[in-house]
Amino acid sequence: MKPERILAHEGKVLSRAQREFYFENGYLQLESFIGQDWLDRLWAVTERLIDESRARETSNKVFDLEPNHTAENPRLRRISNPVGLDPVFEEFGLRGPIVDLAEDLVGPDVKFHHSKLNMKWSGGGEEVKWHQDIQFWPHTNYSPLTIGLYMDDVDDEMGPMGVIPGSHKGEIFDLYGQDGQWAGALADKDLARASLDRAVWLKGPKGSITIHNCRMLHGSMANNSNFGRPLLLHTYASADALIMAGSVVTGSAHAETIVRGSRAKWIHFDPEPCLNPPDWSKGYTSIFAVQQDDAAE
Ligand SMILES: O=C(O)CCC(=O)C(=O)O
């Protein structure tokens, strides 16, 4: 990352202090950033997709289902690749107001990487164990970040996203388990080094935004409340960050789309080594399926 070069360009929507906070702490939170118009449009499509999921008994590339999902009582963990599923999601992810945030934090030249909608259903929506994202999809540098939109109000009971401030400057953890298989989460023995007592839980009213760097240690607890916790996530990177072969997790047709500025002429390499994930071109479901160790189609 090269904050000075990014800060040399005037911010579109974030103040200098907010941008500096992100570079220093690895995360940022914005309350009620997205208005009701956008939320209504996104919800209309989401409801339609939830309805479509009723016809499915097992997970597939679009729907990551909880084991007790049924037609009468749909329970989704995730809708994968929303930007590739519907023009409203596409407009939001590639041209919507959050792209300004990406530009302020990785710009001026910005690429889209992937999107997903983590539903965290009411009454037990599953936890996301502590992990960092970059090991899932290594890039030549550590600019990628993920912007999340809470599509509903989220409080402490609903499994908000937790981050460990400053952890993006620390260790890149091994996400393989003792058996050598990809676990997608920190091993218990490493959690002791993760300063979990310093966790900040990012919650807020609907329309609020979470932003975390790809090295940020983060996770979230189960949602035992009576309300869902839909978090619509989009990952962007500096255009000069090239993704390593085999590590595109979604197969999204929009991956690598330049959403601001232009394609990089020079590739930027950060020196620190990154963990090499399994070859996802041979199949990937979702972090939930991997962490909970269940099978999907
Ligand atoms: O949904 C969450 O709380 C966390 C999401 C996350 O970390 C991920 O999908 O990689």
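The exercises below deal with the ligand site, a surface patch and some buried residues of a predicted model.

Residues are numbered from 1 along each chain as its sequence is written, and side-chain values use heavy atoms, without hydrogens and water. Local features need pLDDT of at least 70 and side-chain atom pairs pLDDT 80 or more, while totals for chains, interfaces and linings use all residues.

**Exercise 1.** Describe the shell around the ligand.

*Solution.*
Step 1. A residue is near the ligand if one of its heavy atoms lies within 4 Å of it. There are 13 residues around the ligand, and Arg78, Asn118, His218, Ser220 and Arg229 come nearest.
Step 2. Sort the shell by class: five residues are nonpolar, four polar and four charged. Here Ala, Val, Leu, Ile, Met, Phe, Trp, Tyr, Cys and Pro count as nonpolar, Asp, Glu, Lys and Arg as charged, and the others, Gly among them, as polar.
Step 3. Find the strands (DSSP E runs of at least two residues, numbered from the N terminus). Strands E4 (110–118), E5 (128–131), E10 (218–220) and E11 (231–238) each supply at least two residues of the shell.

**Exercise 2.** Which distances separate ligand oxygen atoms from N or O atoms in the side chains of Arg78 and His131?

*Solution.*
Step 1. For Arg78 the distance is 2.8 Å.
Step 2. For His131 the distance is 3.1 Å.
Step 3. Consider the cover: taken alone the ligand exposes 290 Å², and the protein buries 98% of that. Accessible areas come from the Shrake-Rupley method with a 1.4 Å probe; for residues, only the protein chains shown count as cover.

**Exercise 3.** Is Lys111 buried or exposed?

*Solution.*
Step 1. Buried means under 20% relative accessible area, exposed over 50%, and partly exposed in between (1.4 Å probe, protein chains only).
Step 2. Lys111 has 5% relative accessibility, so Lys111 counts as buried.
Step 3. Place Lys111 in the fold: the residue belongs to strand E4. Its side chain makes a polar contact with the side chain of Glu256 at 3.2 Å. Such a contact is a pair of N or O atoms within 3.5 Å; within protein, one must be able to donate a hydrogen and the other to accept it, and residues adjacent in sequence count only if both atoms are side-chain atoms.

**Exercise 4.** Why does Phe269 count as exposed?

*Solution.*
Step 1. Phe269 counts as exposed because its relative accessibility is 56%.
Step 2. Locate Phe269: the loop between strand E12 (258–260) and helix H7 (287–292) holds this residue.

Terms used
Helices (H or I, at least four residues) and strands (E, at least two) are DSSP runs, numbered from the N terminus.
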